[in-house]
Amino acid sequence: MDLNSDNIYQFLFNISEGLAVPFYRTTTPPSNPVVYFNSLFNISVVELVGSTFTGTVMDPTKDVIVAHYSKWCAHCLSFWPLYYSLVFSYHSVTNLLFTRIDSDRNDLLPCHQVEEFPSIVIYLRNRYRIIILFISLYLHIIVICRSAICVYLLVSEDLNLKSANCI
């Protein structure tokens with residue numbers, strides 16, 4: 001496309017009329033999206049990318065917990081053992097999917113973006129979302145996150161609360 005006045009006018013016209021399609025950066029979907037798997041307990045964490053994100057979190061049959069991270073973030077590296085312990089603690093809850101996404105390399109719609117890494121967002125079957133931020137409060141992370149999981153368990157209607165490990 002040449003950069004001339006006609007093309008610029010057409011581009012601005014398309015934006016003003018809502019005809020322009022936005023471009024969102026996404027990495028290639030992995031051939032095996034499962035990044036963590038424990039075969040003994042059938043536990044897994046799925047890696048999302050920009051092109052698979054919306055379809056996964058807006059699934060009306062599942063509640064989805066998304067860990068937003070960046071590869072350069074040192075707090076994210078110390079966060080993974082805590083996240084995997086949460087996955088293990090709540091693996092028996094049905095219709096709950098644990099995922100993660102490199103939000104530094106994948107653009108998301110503005111309503112799904114987070115400002116800090118690591119962050120957890122809980123999507124409740126296409127209705128609500130709960131955002132939990134983790135800055136450098138290493139000792140408080142697991143307590144905050146488990147409290148949010150308890151909020152999730154209380155809001156979600158068909159979960160067996162006896163299987164919840166709330167603290």
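A surface patch is made of residues with over 30% relative accessible area and no salt bridge, and its nonpolar side chains are joined within 5 Å. The exercises below concern a predicted model.

**Exercise 1. Describe the overall build of the protein, from its elements to its surface.**

Step 1. The protein has four helices and six strands. Along the sequence these elements follow the pattern α-β-β-α-β-α-β-β-β-α.

Step 2. Of the 167 residues, 40% count as buried. The accessible surface comes to about 9,800 Å², and carbon and sulfur atoms account for 60% of that area.

Step 3. Among contacts with a separation of 6 or more, 65% are between residues 24 or more positions apart.

**Exercise 2. Identify the residues of the nonpolar surface patch and place Phe11 in the chain.**

Step 1. The nonpolar patch consists of Leu3, Ile8, Phe11, Leu12 and Ile15. Together these residues offer about 540 Å² of accessible area.

Step 2. Phe11 belongs to helix 1, which covers residues 5–16.

**Exercise 3. Find the salt bridges and state which parts of the chain they join.**

Step 1. A salt bridge requires a side-chain nitrogen of Lys or Arg within 4 Å of a carboxyl oxygen of Asp or Glu. By this rule there are three salt bridges.

Step 2. One of them joins the side chains of Arg25 and Asp107, with an N to O distance of 3.0 Å. This pair links distant parts of the chain, 82 residues apart: Arg25 is in the loop between helix 1 and strand 1, and Asp107 is in the loop between strand 4 and strand 5. Arg25 is partly exposed at 38% relative accessibility, and Asp107 is partly exposed at 27%.

Step 3. Another joins Glu47 and Arg100, whose closest N and O atoms are 2.5 Å apart. Glu47 lies in strand 2 and Arg100 in strand 4, so this salt bridge ties together parts that are 53 residues apart in sequence. Both Glu47 and Arg100 are buried.

Step 4. Lys62 and Asp59 also form a salt bridge, with their closest N and O atoms 3.9 Å apart. Lys62 is partly exposed, its relative accessible area being 33%.

**Exercise 4. Explain why Asp102 has no salt bridge with Arg105, and list what Asp102 does touch.**

Step 1. Asp102 lies in strand 4, residues 96–102, and is buried.

Step 2. The nearest side chain of opposite charge is that of Arg105, 4.1 Å away. A salt bridge needs the two atoms within 4 Å, so the pair of Asp102 and Arg105 does not count as one.

Step 3. The side chain of Asp102 does reach the backbone nitrogen of Asp104, at 3.2 Å. Apart from neighbours within four places in sequence, Asp102 is in contact with Glu47, Tyr69, Ser70 and Lys71.

**Exercise 5. Decide whether Phe98 and Phe41 are buried or partly exposed, and name their contacts.**

Step 1. The limit for a buried residue is under 20% relative accessible area. Phe98, found in strand 4, has a relative accessible area of 4% and is therefore buried.

Step 2. When residues up to four places away in sequence are not counted, Phe98 touches Ser44, Val45, Val46, Ile65, Tyr83, Leu86, Val87 and Tyr90. The C-alpha atoms of Phe98 and Val45 are 5.1 Å apart in space, although the two residues are 53 residues apart in sequence.

Step 3. Phe41 is placed in the loop between strand 1 and strand 2. With 36% relative accessibility, Phe41 counts as partly exposed.

Step 4. Outside its neighbours within four places in sequence, Phe41 is in contact with Phe88 and His91. Phe41 and His91 are 50 residues apart along the chain, and their C-alpha atoms are separated by 7.9 Å.

**Exercise 6. Describe the backbone at Pro118 and at Asn95.**

Step 1. The peptide bond from Phe117 to Pro118 is cis, with omega near -15°. Pro118 is in the loop between strand 4 and strand 5.

Step 2. Asn95 is a residue other than glycine with a positive phi, near 60°. Asn95 is located in the loop between helix 3 and strand 4, and is partly exposed with a relative accessible area of 36%.

Notes: Residues numbered from 1 in each chain as written. Predicted model: local features only at pLDDT ≥ 70, side-chain atom pairs only at ≥ 80, totals over all residues. Heavy atoms only, no water. Patch = residues over 30% accessible without salt bridge, like charges linked within 9 Å, V, L, I, M, F, W, Y side chains within 5 Å. Areas by Shrake-Rupley, 256 points an atom, 1.4 Å probe, with all protein chains shown as cover. Helix = DSSP H or I, 4+ residues; strand = E, 2+ residues; numbered from the N terminus. Buried < 20%, exposed > 50% of the residue type's maximum accessible area, 1.4 Å probe, protein only. Lys, Arg positive; Asp, Glu negative; His and termini not counted. Polar contact = N/O pair within 3.5 Å; in protein donor to acceptor, adjacent residues only side chain to side chain. Contact = heavy atoms within 4.5 Å.
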